[in-house]
Amino acid sequence: EMMGDVVAPPLGLAQLAGCLEQAGVPVDILDANALELGWAGTERAIAQASPDLIGITAFTPYVREVARAVSVARQAAPEATIVLGGPHATFTVEETLKTMPEVDIVVRGEGDQIIIDLARALEASDGLSEVPGISYRHDGAIVENPAPPPLDLANHPQPAFQLMPMERYHFASLGGPFATVIASRGCPFQCSFCSEWPFWGGGWRPCDPELVVEQLDVLVNRYRRKNIWFGDDCFNVDGDHMAAICEGILQRGIDVNWYYQGRADLVVKHQDLLPMMRQSGNRLVQHGSEASTAAQREALNQPLSTETVEEAVRLLRQHDIVCQGMQIVGLPTDSPRAFEEKVRLVNRLNVDFPVFLVYTLFPGAPDYDRALEEGWIEPPTDYSRHDMAHVLMPT
């Protein structure tokens, strides 16, 4: 809702589908959201497909909808194995299996190889004990198979864009037709409010820049997606990686506007690349200064000086790249004065798009466990309020 009129492609499902296709497993994607099917239409579509295995991604604010989707899927395909994946399911395995009895299996962490192993085990009726990274019920207890190592992303299969209604994806405030691309997984930083780096594990892993550029080419020239949002947790970690992507865009003459989320200190560190980034289509950078003081950032395990943030904003303005500055409000240490300081900082920096997000902890974030221990969040919580717009904790 905060982002306005947007329908985003389910890139995670597209990536899993690409892996299954390469492994020779027949697969389909049902994007009921983009197709505006409604619950009855979704049930009909699942029944018609008659799948053996149904995978659903669980994000925290949509737990209620996921539970309903599971019931609809079970109704439509009584014999199918229903699997939940994604960050929420990964960090709430026991709770998820307890509260959603129709779910058979939870896949923890990145599922690219796990889903192939699972499909093959089900096909061969081998049992589940040898499939890494899954959790399931057995003899009244929950079994957690050991996690596989983080994937090597060299030569990783491309997402199966051809299985999605690509013409439906749009983001009004970015100028209409858009798609998302992941150029790297994970993050080398460990902010205490973030559940992304614990989810991906294995630090920061870049995708092959050539494969990233190939994706951009397909999305822009075959599917007419003129705006690309890089969904990386931190896009600007590595200068050589960014440079290779920019060079590929320019060499192929891909006419695209692209946007990313990254760190202010890395904007400063890689400032020599800004002209080439702008030339290859970078129009906007979203970075988090998160708080008005270095002490508050330190408490979030994000050591970043205000001077560095100022320098990043100045550099982006100098290179005609729009700056979207994120601030977290409602931190446990926030007072009315702290909030005023954040507003003052944003005004002083003259950020093009200031965004104030309410301090929201998701399962998996280090501070989420602390918040439960300290009684800041009362379990079981109403997950629909974990949307960065509702106040969940006292300040």
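Here are some notes on a predicted model, as numbered points.

1. **The sheet.** Let's start with the open sheet, which is formed by eight strands with mixed pairing. The strand order runs β1-β7-β8-β11-β12-β13-β14-β15. At the edges sit β1 (6-7) and β15 (353-358), each pairing on one side only.

2. **From β11 to β12.** Strand β11 (residues 227-230) runs parallel to strand β12 (residues 257-262), and three bridges join the two. If you want a residue pair to look at here, take Trp229, whose bridge partner in β12 is Tyr259.

3. **From β12 to β13.** These two strands also run parallel, joined by five bridges. Tyr259 turns up again: its bridge partner in β13 is Leu284. So you can follow the register across the sheet from Trp229 to Tyr259 and on from Tyr259 to Leu284; as a general point, side chains in a regular strand alternate between the two faces of the sheet.

4. **From β13 to β14.** The pairing is parallel here too, over six bridges. Glu290 stands opposite Gln327 in β14. As for burial, β13 is largely enclosed by the rest of the structure, because eight of its nine residues are buried.

5. **The cavity.** How many cavities of 30 Å³ or more does the structure hold? There is one, and the volume of the largest cavity is about 30 Å³. Its lining is made up of His287, Ser289, Gly325, Met326, Gln327, Val346, Leu349 and Val351. Gln327, then, appears both in this lining and opposite Glu290 in the β13 and β14 pairing.

6. **What the cavity wall is made of.** β13, β14 and α15 each supply at least two lining residues, and the largest share, three residues, comes from β14. By class, the lining has four nonpolar and four polar residues, with no charged ones.

7. **Helix α14.** This helix covers residues 306-318, 13 residues in total, and spans 18 Å from its first C-alpha to its last. That is close to the 18 Å expected at 1.5 Å a residue. Its buried residues are Thr306, Val309, Ala312, Val313, Leu315 and Leu316. What do they pack against? The partners are the helices α11 (264-269), α12 (274-279), α13 (294-299) and α15 (336-349), along with the strands β13 (282-290) and β14 (322-329). Note that β13, β14 and α15 are also elements that help line the largest cavity.

8. **Two backbone angles worth a look.** In general, most residues other than glycine have a negative phi. Asn301, though not a glycine, has a positive phi of about 60 degrees. Asn301 is placed in the loop between α13 and α14 and counts as partly exposed, at 40% relative accessibility. Just after α14 comes Asp320, with a positive phi of about 60 degrees; this residue isn't a glycine either. Asp320 lies in the loop between α14 and β14. Is Asp320 buried or exposed? With a relative accessible area of 52%, Asp320 is exposed, given that the cut-off for exposed is over 50%.

9. **The second largest pocket.** About 240 Å³ of space lies in this one. The elements giving two or more residues to its lining are α7 (112-123) and α8 (196-200), and α8 gives the most, with three residues. The lining has 14 residues, and those nearest the pocket centre are Arg108, Glu110, Ala147, Pro148 and Pro149. Sorted by class, the lining has nine nonpolar, three polar and two charged residues.

10. **His88.** One last residue to check is His88, found in helix α5 (residues 87-91). His88 is buried, with a relative accessible area of 3%. Which residues is His88 in contact with, leaving aside its neighbours within four places in sequence? The contacts are Ala58, Phe59, Thr60, Val63, Glu95, Thr96, Pro363 and Tyr383.

Conventions:
Residues numbered from 1 in each chain as written. Predicted model: local features only at pLDDT ≥ 70, side-chain atom pairs only at ≥ 80, totals over all residues. Heavy atoms only, no water. Helix = DSSP H or I, 4+ residues; strand = E, 2+ residues; numbered from the N terminus. Expected span 1.5 Å × (residues − 1). Buried < 20%, exposed > 50% of the residue type's maximum accessible area, 1.4 Å probe, protein only. Contact = heavy atoms within 4.5 Å. 1 Å grid on protein atoms, 1.4 Å probe; cavity = no way out; pocket = protein on both sides within 12 Å on 5 of 7 lines; lining within 4 Å. Points joined across faces, edges and corners; volume = space filled by probe spheres on them. Nonpolar A, V, L, I, M, F, W, Y, C, P; charged D, E, K, R; others polar. Pairing = 2+ DSSP bridges.
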